[in-house]
Amino acid sequence: GRLLVSSPASTWKVKRIRRDGHVRVAACSGLGKRHGEQLEGHATIVSDTTEVNRLIARKYRLAYRLIRGFGAVSRTLRRKPEPESVTIEIVPAPDG
């Protein structure tokens, strides 16, 4: 399996993953409290965000469209471009 994450290209996590793809992934609450064990993995940066955007839109449907629309209107009013996004693809580390 794999985990896909969308993130702005300028974030620290993207810069760190470009340098070293080793990651640890764990389920957590919205406040960051970890639930369960961490899993080791390897992350790569993928510039095409089509698949992750399609999956998010399918899961969140109307809420996703509303948030994207509000963001577009807000950026237009502030005359800011949409930030470049990337997909982070995480796969389990081979047991070893």
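Here is a chat about the fold, the sheet, the salt bridges and the largest pocket of a predicted model.

Colleague: I'm new to this one, so in what order do the elements of the protein chain run from the N terminus on?

Modeller: Keep in mind that this is a predicted model. The protein chain has two helices and four strands, and its C-alpha trace spans about 50 × 25 × 25 Å along the principal axes. Reading from the N terminus on, the elements run β-α-β-β-α-β.

Colleague: Which strands stand at the edges of the sheet?

Modeller: The four strands make an open sheet with antiparallel pairing, in the order β1-β4-β3-β2. Two of them have a single partner strand each, so one side of each is left without a neighbour in the sheet. The twist from one strand to the next averages 45°. The edge strands are β1 (3-8) and β2 (22-28).

Colleague: How many residues lie between β2 and β3 in their hairpin?

Modeller: β2 and β3 run antiparallel and are joined by six bridges. Among the partners, A27 is matched with H35 in β3, and V23 with G41 in β3. In the turn, G32 has a positive phi of about 95°. The number of residues between the two strands is five.

Colleague: And on the β4 side, what is the bridge partner of V46?

Modeller: Strand β3 (residues 34-46) pairs with strand β4 (residues 85-92) in the antiparallel sense, over six bridges. One of the partners in β4 is I90, which goes with A43. For V46, the bridge partner in β4 is T87.

Colleague: What angle does the direction of α2 make with that of β1?

Modeller: Helix α2 covers residues 50-78. It packs on the sheet, touching β1 and β4. Its direction and that of β1 make an angle of about 100°.

Colleague: Let's go to charges: how many residues apart are R2 and E89?

Modeller: The count of salt bridges comes to five. In one of them the side chains of R2 and E89 meet, at 3.0 Å from N to O. R2 sits in the segment before β1 and E89 in strand β4, so the pair links distant parts of the chain. Their separation along the chain is 87 residues.

Colleague: Which helix gives the largest share of the lining of the largest pocket?

Modeller: The largest pocket has a volume of about 310 Å³. Its lining includes N53, I56, Y64, I67, R68, G71 and R75. The largest share, seven residues, comes from one helix, and that is α2.

Colleague: How many charged residues are in that lining?

Modeller: Take the names one by one: R68, R75 and E82 are among the lining residues, and Asp, Glu, Lys and Arg count as charged. The lining also has four nonpolar and five polar residues. P83 and S85 are among the other residues there. The charged residues come to three.

Note on methods:
Residues numbered from 1 in each chain as written. Predicted model: local features only at pLDDT ≥ 70, side-chain atom pairs only at ≥ 80, totals over all residues. Heavy atoms only, no water. 1 Å grid on protein atoms, 1.4 Å probe; cavity = no way out; pocket = protein on both sides within 12 Å on 5 of 7 lines; lining within 4 Å. Points joined across faces, edges and corners; volume = space filled by probe spheres on them. Pairing = 2+ DSSP bridges. Axes fitted to C-alpha atoms, helices over the stretch in contact; angles between N-to-C directions. Contact = heavy atoms within 4.5 Å. Salt bridge = Lys/Arg side-chain N within 4 Å of Asp/Glu carboxyl O.
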